[in-house]
Amino acid sequence: MNDDSQFHKVAEDPGDTRPILIIPYMWIGDFVRGHTVVRVLKERWPNRPVDLLTTSLCAPLVDYMPGVRQGIVWDLPRSRLALARQWGLAKLLREPSYATALVLPRTWKSAIAPALAGIPERVGFVGEFRFGLVNQWRWGEKQLPRFIDKNAALALPDGAALPPEWPVPQLRVPPAEVARWRQANGLSTGTAVALAPGSVGAAKRWPYYPEAARLLVEQGLDVWVVGGPGERALAEQIVAAGGPSVRDLTGTDLRNGVLAMAAAGVAISNDSGLMHVAAALGTPTMGIFGPTSPYLWAPLNGLAATVQTKTSLSCQPCQRTVCRMNDHRCMRDIPATDVVQIARRVLREAAARAST
């Protein structure tokens, strides 16, 4: 759905100003895709403030999400319940400036603090078996295979039909902030290609980023390597292959990655959080897919393209984080020349749109 369309013709009770809290998934890509829930809620209730619970890692994203009043930063460990931290969060959520209604993801742990806080409306699916923690039930989760459907359906009225398309996630960065970031990093104003070689799960990582960087530089393009500290060693390989026109922009601050993706002419990424960041920013985005399904996880903007191997593989998509069949051919059989060719086409199309 584009920005000119109307998801709801008439807002529900424009005078309603009670705050709503969303507890999204805390992986970067899932957090970004959760912005669709914000957009649906704001179209239903334009005057109800929407807050997001967030981790320290994802907190910079909140600053660029239209329709979000604030982020509530509260880190919970992934591997245990951490009841003391849950109780502390519950005490915080009892403050009247926070939530009277809540939209939750599918995890059992995410519903503990809101239930302890006594938030009156706690929305979730029946099939999640969070009885006693969720009190506003939605049916039909099994008929919603995509992540975006599962998330956004919780923001609809009970029993409402799903729309043909959902509003896409959005991140908006002021151009002046991008310009300051370029200047601070000593980057030219020319067209650059951002490479995001990282991903949670080794099977989702395309192996030919160094060769792609070399080919892009040979065609006169600047290349930026974007990612977290885990991509530092790979960034060094890419810089070594591409030479001085390749910059290593990996680091610990996600805001730096957001600004790099906002400034880039095109982003080339594995199926990862930064792929969804680039798409939400409106940057032309190429997602390289191997073990995962583009139907379920493709970047959600009209300037996005997905790249897959032309080899027919019976195991694809396996949805595994580690390859156990065919020696990772779903990614190894995607040559760098194909990716660079698609990137050049995407850049030409973007330039043509900008000139009209």
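Is phenylalanine 147 buried or exposed, and what is its relative accessible area? Select this residue in the predicted model: phenylalanine 147 has a relative accessible area of 9%, which is under the 20% cut-off, so the residue counts as buried.

Next, add tryptophan 297, which at 24% relative accessibility is partly exposed. The ring centres of phenylalanine 147 and tryptophan 297 lie 5.8 Å apart with the planes at 40 degrees, and the pair is therefore tilted. Phenylalanine 147 belongs to helix 6 (residues 147-153) and tryptophan 297 to helix 12 (residues 294-297), so that the pair links distant parts of the chain, 150 residues apart. Adding Tyr25 shows the cluster that ring pairs form from Tyr25, Phe147 and Trp297.

Move then to tryptophan 206, buried at 3% relative accessible area, and to tyrosine 208, partly exposed at 23%. Their ring centres are 5.7 Å apart and their planes stand at 85 degrees, which makes the pair edge-to-face.

For charges over rings, select arginine 85, which lies over the face of tryptophan 74 at 4.3 Å from the ring centre, and then arginine 94, which lies over the face of tryptophan 87 at 4.8 Å from the ring centre.

Now display the largest nonpolar core, which has 75 residues; Trp224 and Met261 are among the members that touch the most others. Helix 10 (residues 254-263) gives this core its largest share, 6 residues.

Finish at strand 12 (residues 304-307), where Ala305 and Val307 point to one face and are buried, while Ala304 and Thr306 point to the other and are not. Strand 12 pairs with strand 11 (residues 285-288) in the parallel sense over 4 bridges, and alanine 304 is the bridge partner of threonine 285.

Methods
Residues numbered from 1 in each chain as written. Predicted model: local features only at pLDDT ≥ 70, side-chain atom pairs only at ≥ 80, totals over all residues. Heavy atoms only, no water. Core = buried A, V, L, I, M, F, W, Y, C linked by side-chain atoms within 4.5 Å. Buried < 20%, exposed > 50% of the residue type's maximum accessible area, 1.4 Å probe, protein only. Helix = DSSP H or I, 4+ residues; strand = E, 2+ residues; numbered from the N terminus. Pairing = 2+ DSSP bridges. Phe/Tyr/Trp six-rings, centres within 6.5 Å; stacked < 30°, edge-to-face > 60°. Lys NZ or Arg CZ within 6 Å of the ring centre and 35° of its normal.
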